[in-house]
Each structure stands twice: as structure tokens, then as C-alpha cells.
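User: I am new to this structure and would like a close look at one part of it, the pockets. Please describe what lines them.

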Amino acid sequence: LVAYDKGSPGLGPSIKRMFGSELGQTLRMGIPGLLYAAQNYLFFVGISNMSATMYQVSKQLAVVFTALFWVVMLKKTIPRDKWMALSILVLGVLFVSVRGDSGTSGNISLGLSAVVAACALSALASVYTEAQLKSKTFTIWERNVQLSAIGIAFGLLTILVEEPELLLEGEFFRGYHLATIGIALLQSLGGMVTSAVLKYADSVLKCVAKSAVVGISAAMS
């Protein structure tokens, strides 16, 4: 895709530029990677201390944080009616939190705090990525290569720390089968679609779409 993109100088020159003269720009794409890593840990703390229902409801606060970062970082404006819709969402989360949830077995205050912090980090990473994707320094496919390279580096580092035998003994692909490869391809496609949404739409619309998916999934289940 990098090679065939009309805005790209070609595969070889693109790679040379991304990992040579513009290496600093590539390393900056590691910032959302670190933020997403911290977000995943906090979400794990959250789901460990609250019910699945409250967890899903609380995660929708990401829409509000995304809107705030979108306005502050990208100097955008949001109409009053949309702010009202976001306020209703916050009130809904607060209502559920104050009322409590019989399905929650852990520390609800800790769980909710973790999810709120994770939503803030997720929103910051999303808006930062949107700003990078909309810059004209690199094409959308080159940005995806940068994100992938940083992600692979983080993943390999994690394996070296937690399970070094997988690399040292050549067992990295142990347990792989067609379903595993299929899931990886679907995740890759989802990542490219998300990048396209951030580049040609915006972070707020992405979050609203994800919230709609939660509702649709609940209705279909």
C-alpha cells in the first residue's frame, strides 16, 4: 500500500525517510503506543473491580474526554447540542455509579477511577494520532507502518522480559493456526479502518461509532 499510494515516493524512499532522515517523526508515533499500553492496564483494573455492565457504561466517558482534548489540542469547536448530548452521557454514568450495581464484587471506587483515567489516556492518544495522521508529512499508509513498527518493538520487548524462551528457543509461532492468522488479519484491517476514520473524519465520530456498536451488540445478543 505504501508503494502504490499516489502520495508516496515509493517503498524504498519511504522506508529510508521514515527510519532515516525523519526518524524523529517515526519515534513520536510511539507516544500513543505508550498511552494505549497504560490504558489497557487501567481498563484491566477497572473490569476487575466492577460488573461488565457498569464497565461498558463507564467506558463511554471516553467520548467526553475525546471531545475535550479535540477542542483543546486541535482548536476545534463543537456545537451546543452535541455538548448537551455528551452531558447526558456523563449524567447517565454518574447515575449508575451513585446508584451502584449489584453485579460489582470489587472496589467500585477503584474500578471507576481506573476506567476514568483509562478513558482520558485513550482520548489523548486518539486525538494525538488524529493530529499526526492529518499532517501532510507522511501518507496514511506510512503512518500505519510507523505505528506497526513501534507496536512490534514494544511487543518484542514485552516478550523478552516476560517470556524470553519464546524467542530464544524459536517458539514464537507456537500454537498458531488458521484462526489465529485470521484474527490477526482482521485486527490489522480494523487498525487501517480506524486510521482512515481519524484522518478523514475525527476522533469524536470514532468514539460515537464505537458507542453505537455497544448498543447494537447488546440489541443483537
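Analyst: The account below takes the largest pocket and then the second largest. The model is a predicted one, and the values are computed from it.

The largest pocket holds about 1,800 Å³ of space. Its lining is made up of 49 residues. Those nearest the centre of this pocket are Tyr36, Gln187, Gly190, Gly191 and Thr194.

Several helices take part in this lining. At least two residues each come from helix 3 (30–48), helix 4 (52–59), helix 5 (61–74), helix 7 (108–134), helix 8 (140–162), helix 10 (178–200) and helix 11 (203–220). Helix 10 gives the largest share, with 12 residues. Four of the residues nearest the centre, Gln187, Gly190, Gly191 and Thr194, fall within the 178–200 span of helix 10, while Tyr36 falls within the 30–48 span of helix 3. Sorted by class, the lining of the largest pocket contains 28 nonpolar, 18 polar and three charged residues.

The second largest pocket has a volume of about 210 Å³. It is lined by 13 residues, and Ile78, Lys82, Val204, Leu205 and Val208 are the closest to its centre. Here the helices that supply at least two lining residues each are helix 5, helix 6 (80–99) and helix 11. The largest share of this lining comes from helix 6, which provides four residues. By class, the lining of the second largest pocket consists of 10 nonpolar, one polar and two charged residues.

Helix 5 and helix 11 thus appear in both lists, supplying at least two lining residues to the largest pocket and at least two to the second largest.

Technical notes
Residues are numbered from 1 along each chain as its sequence is written. This is a predicted model: local features need pLDDT of at least 70, side-chain atom pairs count only at pLDDT 80 or more; totals for chains, interfaces and linings use all residues. Side-chain values use heavy atoms; hydrogens and water are left out. On a 1 Å grid over the protein atoms alone, a cavity is a set of points where a 1.4 Å probe fits but cannot get out, and a pocket is an open set with protein on both sides within 12 Å along at least five of seven lines; lining residues have an atom within 4 Å of a point. Grid points are joined across faces, edges and corners, and a volume is the space filled by probe spheres set on the points. Ala, Val, Leu, Ile, Met, Phe, Trp, Tyr, Cys and Pro count as nonpolar, Asp, Glu, Lys and Arg as charged, and the others, Gly among them, as polar.
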